[in-house]
Amino acid sequence: MSYIRIFRVVAFLEGLSYVLLLFVATPIKYTLDDPQYVKLLGMPHGLLFIAYFALSIILKPTLKWTNRQFNHVLLASVIPFGTFYIDKKFLSLKHE
């Protein structure tokens, strides 16, 4: 499996975990006073975030991203649904 495919999987999972954390676990925590979902999703999301960041650095030269493109890739990891956009814009069409 290539680094690009691994990055695509990590990007998807990171984005999914972020969306679940923000829009499911956090509202449950504050409306139902039940923090277990935040605890359950927090660690995997953190690990996926680190993996996304590291793989971005590794793949920057391979994919010949400009500094601007690279900054978009990194910024996408902190914007809900951002990693899905990156997959569509920078990864899916060129490297299937």
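Select first K64, in the loop between α2 and α3; helices here are DSSP runs of H or I with at least four residues, strands are runs of E with at least two, and both are numbered from the N terminus. The model is predicted: local features need pLDDT of at least 70, side-chain atom pairs count only at pLDDT 80 or more, and totals for chains, interfaces and linings use all residues. Residues are numbered from 1 along each chain as its sequence is written, and side-chain values use heavy atoms, with hydrogens and water left out.

**The loop residue K64**

K64 is not a glycine, although its phi is positive, at about 55 degrees. This residue comes just after α2. Is K64 buried or exposed? K64 is exposed, with a relative accessible area of 69%. Buried stands for under 20% relative accessible area, exposed for over 50%, and partly exposed for what lies in between, with a 1.4 Å probe and protein chains only.

**Back along helix α2**

Next, select residues 36–63, which form helix α2. The helix has 28 residues and reaches 39 Å from its first C-alpha to its last, close to the 40 Å expected at 1.5 Å a residue. That expected span is 1.5 Å times one less than the number of residues.

Move to I57, where α2 bends by about 30 degrees. The bend is the angle between axes fitted to the seven residues ending at a residue and the seven starting there. A proline, P61, follows within four residues of I57.

Now display the side chains of H45, L48, Y52, L55, S56, L59 and L63, which are buried in α2. An α-helix has 3.6 residues a turn, so residues three or four places apart point the same way. Which helices help to cover the buried residues of α2? The cover includes α1 (3–31), α3 (67–76) and α4 (82–92).

Stay in helix α2 and select A51. A51 is partly exposed, with a relative accessible area of 26%. Add A11 to the selection: the two C-alpha atoms are separated by 8.8 Å, while A51 and A11 are 40 residues apart along the chain.

**On to F81 and T83**

F81 is found in the loop between α3 and α4. Here too the residue is not a glycine, and phi is positive, at about 70 degrees. F81 is partly exposed, with a relative accessible area of 47%.

Continue to T83, in helix α4. T83 counts as buried, at 3% relative accessibility. Which residues does T83 touch, not counting those up to four places away in sequence? They are A11, E14, G15, Y52, A76 and S77; contact requires heavy atoms within 4.5 Å. Y52 also appears among the buried residues of α2.

**The whole chain**

Finally, zoom out to the protein chain, with its four helices and zero strands. Its C-alpha trace spans about 45 × 25 × 20 Å along the principal axes. Of the 96 residues, 33% are buried. Among contacts with a separation of 6 or more, 65% come from residues 24 or more positions apart.

Colour by charge to see 10 positive and 5 negative side chains, with the centres of the two sets 15 Å apart. Lys and Arg count as positive and Asp and Glu as negative, whereas His and the chain ends are not counted. Each charge is placed at NZ of Lys, CZ of Arg, CG of Asp or CD of Glu.
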